[in-house]
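Got the viewer open? Let's walk through this one stop by stop, picking out a few side chains before zooming out to the whole chain.

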Amino acid sequence: MTRWLMKSEPDVWSWDDQMAKAPDSEEWDGIRNYQARNNMRKMRIGDRAFFYHSQTEKAIVGIVEVTAESHPDSTTDDDRWDCVDVRAVKAFPKPVTLAECKATEQLNDMVLVNNSRLSVQPVRDYEWEIICRMGGLKGD
């Protein structure tokens with residue numbers, strides 16, 4: 001299983017919105033960055049991702065699971081853009097902020113710390129474990 005981080009602006013699609021869809025899935029649509037799109041094309045059913053609130057909170061607030069692999073994004077007729085479907089798995093008891101990630105030496109090489117603008121990014125297994133502990137979870 002590969003791990004990911006997916007960013008959303010909470011005023012567009014929040015963790016609460018994702019949870020309201022549970023147990024159903026929702027398209028992770030609207031991505032218009034080639035690198036982020038290519039990352040979604042690598043996702044497989046069962047992969048898990050951190051759900052990150054960008055803009056105001058800048059915090060990891062939950063975990064989602066990929067339920068459908070890359071397919072055309074229904075929000076556009078442009079065939080360059082894909083999306084995946086995800087479902088909510090669990091909320092973090094304590095959100096993990098970008099500032100906390102940047103202050104944690106073991107996360108110095110994390111994509112989030114070094115390229116905080118990329119909306120869909122890979123997460124290494126050890127980074128996943130560290131962040132889960134920081135957020136009050138024992139893994140995923």
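Start by selecting Glu-26 and Lys-21: their side chains form a salt bridge, with the closest N and O atoms 3.2 Å apart. Keep in mind that this is a predicted model, so treat the distances here as computed from it. Are these two buried or partly exposed? Glu-26 has a relative accessibility of 23%, so it counts as partly exposed. Lys-21 is partly exposed too, at 32%.

Next, pick Asp-82 and Arg-41. Here's another salt bridge, and its closest N and O atoms sit 2.6 Å apart. This pair ties together distant parts of the chain: Asp-82 belongs to strand 5 (residues 82-97) and Arg-41 to helix 2 (residues 34-42), with their positions 41 residues apart in sequence. Switch on a surface and check the two ends. Asp-82 is buried, because its relative accessible area is 10% and the cut-off for buried is under 20%. Arg-41, at 35%, is partly exposed.

Stay on strand 5 and move to Arg-87, then add Glu-65. Their side chains meet in a salt bridge at 3.0 Å, N to O. Again the link joins distant parts of the chain, since Arg-87 lies in strand 5 and Glu-65 in strand 4 (residues 59-72), 22 residues apart. Glu-65 is buried, with a relative accessible area of 15%, whereas Arg-87 is partly exposed at 26%. Which residues make up the network around this pair? Add Arg-48 to your selection: salt bridges with shared partners join Arg-48, Glu-65 and Arg-87 into one network.

Want to hunt for others? The count for the model comes to 10 salt bridges. While the charged side chains are showing, colour them by sign: there are 19 positive and 25 negative charges, and the mean positions of the two sets are 5 Å apart.

Now go back to a cartoon of the whole chain. You should find 5 helices and 6 strands. Follow them from the N terminus and the order reads β-α-β-α-β-β-β-α-α-β-α. Turn the C-alpha trace around and it spans about 45 × 30 × 30 Å along its principal axes. The radius of gyration is 14 Å, which agrees with the value near 14 Å for a compact globule of 140 residues.

Last stop: packing and surface. Of the 140 residues, 45% count as buried. Among contacts between residues at least 6 apart in sequence, 68% join residues at least 24 apart. Finally, show the accessible surface, which comes to about 7100 Å², with 45% of that belonging to carbon and sulfur atoms.

Methods. Residues numbered from 1 in each chain as written. Predicted model: local features only at pLDDT ≥ 70, side-chain atom pairs only at ≥ 80, totals over all residues. Heavy atoms only, no water. Helix = DSSP H or I, 4+ residues; strand = E, 2+ residues; numbered from the N terminus. Rg over C-alpha atoms; globule rule 2.2 N^0.38 Å. Buried < 20%, exposed > 50% of the residue type's maximum accessible area, 1.4 Å probe, protein only. Contact = heavy atoms within 4.5 Å. Areas by Shrake-Rupley, 256 points an atom, 1.4 Å probe, with all protein chains shown as cover. Lys, Arg positive; Asp, Glu negative; His and termini not counted. Charge placed at Lys NZ, Arg CZ, Asp CG, Glu CD. Salt bridge = Lys/Arg side-chain N within 4 Å of Asp/Glu carboxyl O.
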